[in-house]
Amino acid sequence: MRKSNWLLLVLALALSMFLAACSGGDDTSETDDTEGTEESSPEQVLNLIEASQIPTMDSSMATDAVAFQFLGESMEGLYRLDEDVVPQPAIAAGEPEISEDGLEWTITLRDDAVWSNGDPVTANDFVFAWRRAVNPETGSEYGPFMMNGVIKNAEAINNGDLDIEELGVEAVSDTELLITLEKAIPYFHSLLTFGTFLPLNEAFVTEQGEDYGLSSDNLLFNGPFTLNDWNPTGDNPDQWSLVKNEDYWDAETVQLETINVSVVKETSTAVNLYNTGEIDRAGLTAEFVEQYAGQEDYVTLPEPTLFYLKLNQANEALANQNIRKAIAMSIGKQDLVDVILANGSVVSNGAVPQDFTTHPETGEDFRAINGDLLTEDKETAQEYWETGLEELGVDSVELRYLGGDTDLSQDMDAYIMDQLQENLEGLTIDISAVPFEERISRDEASDYDIQNSGWGPDYIDPNTWLEMWTSTSPYMTMNYENEEFDALISEANNELITDPVARYENFLEAEKILMDDAAIAPIYQRSRAYLWRTSVKGVIFNPMGADFSYKNAYIE
Amino acid sequence: MAKYILQRFGYMLVTLIIIATFSFILMKMLPGSPLTAEQKVTEAQREIILDKYGLNDPVPIQYLRYMGNLAQGDLGISFQMKNQPVTDILLSRIPVSAQLGLQALLIGTFLGMLLGLVAAIRNNSWMDYSANIISVIGISIPSFIFAGLMQYFLGVRFGLLPVAFWGSFQQTIMPTIALAIFPMAISARFLRTEMIEVLGSDYIVTARAKGVTKAGILFKHGLRNALIPLVTVMGPMAVSLMTGTLVIEQIFSIPGIGEQFVSSIMTNDFAIIMGTTLFFAFFFIFIILVIDILYGIIDPRIRLAGGKD
């Protein structure tokens with residue numbers, strides 16, 4: 001018996017030694033933590049997280065917000081957006097010289113911009129990059145998307161009908177770039193701030209070949225920061241940093257020395273990291289908003305991203321305008337943004353978001369001019385519904401509803417279904433929650449009655465929100481056609497292209513038609529909620545491309 | 001023995017080829033394409049891009065090409081991570097997951113064995129009951145709950161351990177514990193049952209009568225015989241650790257293979273999904289092989305039977 005007691009003692013000792021080993025580790029980590037919490041130090045270091053890795057640092061191949069974010073910090077194009085969403089000269093020395101017909105843009109480059117290997121940034125770097133982006137052999141998605149129909153001959157080159165040398169961009173000299181457009185594009189200036197239009201150092205990219213952009217070692221930079229330690233196939237693929245680029249032409253403006261970035265996918269982990277001071281910003285999902293809203297470091301940022309229901313008029317009931325109006329007006333949008341989203345998102349009552357573009361003459365916001373066009377009004381909705389049913393000669397309608405499979409979209413879709421069925425007597429909704437890819441392929445096949453869908457802008461112009469609803473648009477999968485609407489948009493993009501004011505009026509008018517037709521049922525404009533260290537100042541929020549710009553940021 | 005192992009390797013290869021074929025067919029049946037900006041690309045442009053990656057070729061041709069490359073260890077390139085070779089992506093992440101899984105397996109089974117031993121020796125005492133309660137909790141509560149609780153209490157509230165990331169030893173502690181709880185609970189229960197049975201068997205009584213020391217009985221006679229069933233569950237435990245890492249790596253932001261697998265599924269990244277699936281399959285089959293060999297070492301009768309086949 002005594003011996004077995006002795007044995008138990010050994011076992012207990014072994015256990016406690018293991019626990020001691022753990023707590024021994026704790027002591028050392030405590031010192032690590034205090035290093036991370038020096039948020040108030042004047043050190044110009046920012047610690048950030050991203051929800052995913054950088055998919056690519058090749059500007060011709062980039063398609064998503066994370067890629068454009070780090071391209072935006074480490075590279076510089078002709079222009080850069082300022083805090084008022086106005087393009088400011090960057091590699092360009094000044095404003096472009098535009099020919100009278102709006103087709104030829106001559107841009108003089110600054111002569112003091114250099115790549116991180118010391119080469120000067122020349123006009124040829126732009127020519128090379130843009131040709132590469134539309135070259136079918138590159139296999140770029142955004143190259144043709146951004147340049148076809150914009151830069152002369154881009155589409156023909158991308159289809160393989162013309163040589164890439166025929167692209168409408170030419171280096172007149174090392175510092176003079178001549179761009180020829182397919183047609184006058186009023187928003188071309190802001191397009192030039194976009195990642196796809198960044199320059200590439202031809203000698204370097206050619207030398208790297210297939211390896212270009214695979215890691216920070218296979219990249220050259222000309223922006224405010226250089227990207228360091230980024231290697232998706234290296235020891236730590238989920239951490240990298242941006243370090244101030246001393247060779248940047250405007251290096252004296254840049255105050256941050258380092259931005260450390262880590263991939264964190266769980267919101268709860270991000271919040272925990274924020275609370276221990278290891279990171280300076282954490283995006284919040286709805287369940288955290290309740291906990292932190294009202295705190296000093298709680299921030300919501302509106303995004304120019306709209307969500308709406310697409311109503312497919314191939315369905316007999318949805319072909320009826322009264323039925324569509326009834327549907328659009330019977331969703332409790334305010335409750336949806338307050339309760340289900342709860343992240344600062346706002347109700348949308350139009351097809352163009354707020355705080356996106358302003359009237360070229362009066363400077364008034366698009367949304368403010370057109371106001372609320374399709375609002376929540378359950379009583380009127382019921383009247384429309386009854387008239388619609390009468391016109392159709394039926395007393396019940398069954399509709400298929402196509403939604404996403406994420407938790408949030410399922411909650412939202414269930415709520416919308418409930419709202420519609422409750423308010424509109426005789427309506428039955430059948431929801432399918434499918435993954436994003438499946439939703440896209442059903443969208444393309446026009447295989448839905450109602451679809452919950454969203455859109456982000458591709459350039460800063462109302463056209464990006466309206467052209468897609470014309471009957472010839474590839475995104476028009478809901479069989480909507482209104483000649484008047486089509487004519488207004490076509491006029492805005494052809495006859496009126498050099499008349500910004502008249503053009504803007506066309507867009508305002510077109511949106512009214514779209515909403516009067518209830519072609520889509522607008523729901524909300526998304527905002528994002530953050531916990532954001534109040535000592536971080538000067539970060540610029542962009543409505544498109546890179547979400548943030550840290551060039552002017554600093555720690556107070 | 002050598003012939004036996006060689007034969008098993010042969011089976012392993014065939015199994016892998018079958019799994020690769022099935023996964024390939026399943027992937028081809030999935031809707032969507034690996035294009036990242038699907039909505040913004042016109043039909044013509046999509047064709048150009050799919051052509052470039054050979055995705056417009058007939059499926060049998062794509063299959064043969066894939067299998068040919070696979071034979072050379074080339075898993076293709078990632079679509080999401082443009083141009084990055086999948087083999088390199090996996091190779092950079094496997095060691096991380098392997099370290100985490102191995103730590104969890106070793107610590108989990110070691111602690112589980114301790115608990116099981118204590119429970120068996122002190123059968124029906126409070127120690128036995130406590131060990132039982134611990135293992136029931138360990139089996140029934142998913143690892144991510146433990147992970148979340150630890151992260152909040154040890155990381156945020158008490159600041160004892162780093163909340164997330166990978167690199168230092170401290171950063172491995174919480175994920176290892178979270179993962180180790182399940183194997184600990186399983187092995188504690190198994191060992192307890194087996195030990196009680198073994199300790200009550202005739203040869204132990206004989207050994208006692210011969211005057212073998214208590215420790216000798218426990219370790220030389222008892223534990224060795226009780227270990228065989230435990231080795232059986234080691235395989236499924238190692239596999240459950242792999243699936244456990246999917247969640248745990250995500251929670252602790254660990255750059256392992258599980259975290260990569262989750263994001264590649266979200267982005268329809270065919271090459272990475274295939275590569276990871278094959279790796280998991282290979283790992284599973286390999287573990288089974290190792291366990292069969294281990295049997296032979298622990299219990300020579302099994303080796304002899306295998307050798308005769």
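Contact means that heavy atoms lie within 4.5 Å of one another. The exercises below concern a predicted model, which scores ipTM 0.88 and pTM 0.85.

**Exercise 1. Describe how helices α8(B) and α9(B) pack, and state which residues of α8(B) meet which residues of α9(B).**

Step 1. Begin with the geometry: helix α8 (residues 202-210) of chain B and helix α9 (residues 214-251) of chain B have axes that are 10 Å apart, and they pack at an angle of about 160°.

Step 2. Angles over 145 degrees count as roughly antiparallel, and therefore α8(B) and α9(B) are roughly antiparallel to each other. The crossing in which α8(B) passes α9(B) is right-handed.

Step 3. Turn next to the residues: from α8(B) come Tyr203(B), Ile204(B), Ala207(B) and Arg208(B), and they meet Lys214(B), Ile217(B), His221(B), Gly222(B) and Asn225(B) of α9(B). Sorted by class, this contact of α8(B) with α9(B) holds four nonpolar, three polar and two charged residues.

**Exercise 2. Work out how α4(B) and α5(B) cross, and describe the contact by residue class.**

Step 1. Helix α4 (residues 86-121) of chain B and helix α5 (residues 126-140) of chain B cross at roughly 145°, and their axes come within 8 Å.

Step 2. The handedness of the crossing of α4(B) and α5(B) is left-handed.

Step 3. On the α4(B) side the contact is made by Leu115(B), Val118(B) and Ala119(B), while α5(B) supplies Met127(B), Asp128(B), Ala131(B) and Ile134(B). By class, the contact of α4(B) with α5(B) has six nonpolar residues, no polar ones and one charged residue.

**Exercise 3. For Asn479(A) and Phe165(B), give the sign of phi, and decide whether each residue is buried, partly exposed or exposed.**

Step 1. Recall the background, which is that most residues other than glycine have a negative phi.

Step 2. Asn479(A) has a phi near 55°, which is a positive value in a residue other than glycine, and Asn479(A) is found in the loop between α16 (463-466) and α17 (483-493) of chain A. Phe165(B) also has a positive phi, near 80°, and Phe165(B) belongs to the loop between α6 and α7 (169-199) of chain B.

Step 3. Buried means under 20% relative accessible area, and exposed means over 50%. Asn479(A) has a relative accessible area of 44%, so Asn479(A) is partly exposed. Phe165(B) has a relative accessible area of 9%, so Phe165(B) is buried.

**Exercise 4. Locate Arg132(A) and Gln321(A), and describe the surroundings of each.**

Step 1. Arg132(A) has its place in helix α3 (residues 123-134) of chain A, and because its relative accessible area is 16%, Arg132(A) is buried.

Step 2. When neighbours within four places in sequence are left aside, Arg132(A) is in contact with Asp58(A), Ser60(A), Thr138(A), Leu200(A), Val205(A) and Tyr212(A).

Step 3. Gln321(A) lies in helix α10 (residues 321-329) of chain A, and because its relative accessible area is 32%, Gln321(A) is partly exposed. Not counting residues up to four places away in sequence, Gln321(A) touches Asp516(A) and Asp517(A).

Step 4. For a distance along the chain and in space, take Gln321(A) and Glu495(A), which are 174 residues apart along the chain and whose C-alpha atoms are separated by 30 Å.

**Exercise 5. State where in chain B confidence is lowest and where it is highest.**

Step 1. Chain B averages a pLDDT of 86, and 94% of the residues score at least 70.

Step 2. Within chain B, confidence is lowest in helix α12 (residues 300-308), at a mean of 55, whereas it is highest in helix α6 (residues 143-157), at 94.

Terms used: Residues numbered from 1 in each chain as written. Chains lettered and ligands numbered in written order. Predicted model: local features only at pLDDT ≥ 70, side-chain atom pairs only at ≥ 80, totals over all residues. Heavy atoms only, no water. pLDDT = per-residue confidence, 0-100. Helix = DSSP H or I, 4+ residues; strand = E, 2+ residues; numbered from the N terminus. Buried < 20%, exposed > 50% of the residue type's maximum accessible area, 1.4 Å probe, protein only. Axes fitted to C-alpha atoms, helices over the stretch in contact; angles between N-to-C directions. Parallel < 35°, antiparallel > 145°, perpendicular 65-115°, else oblique. Left-handed = near helix turned anticlockwise from the far one by under 90°. Nonpolar A, V, L, I, M, F, W, Y, C, P; charged D, E, K, R; others polar.
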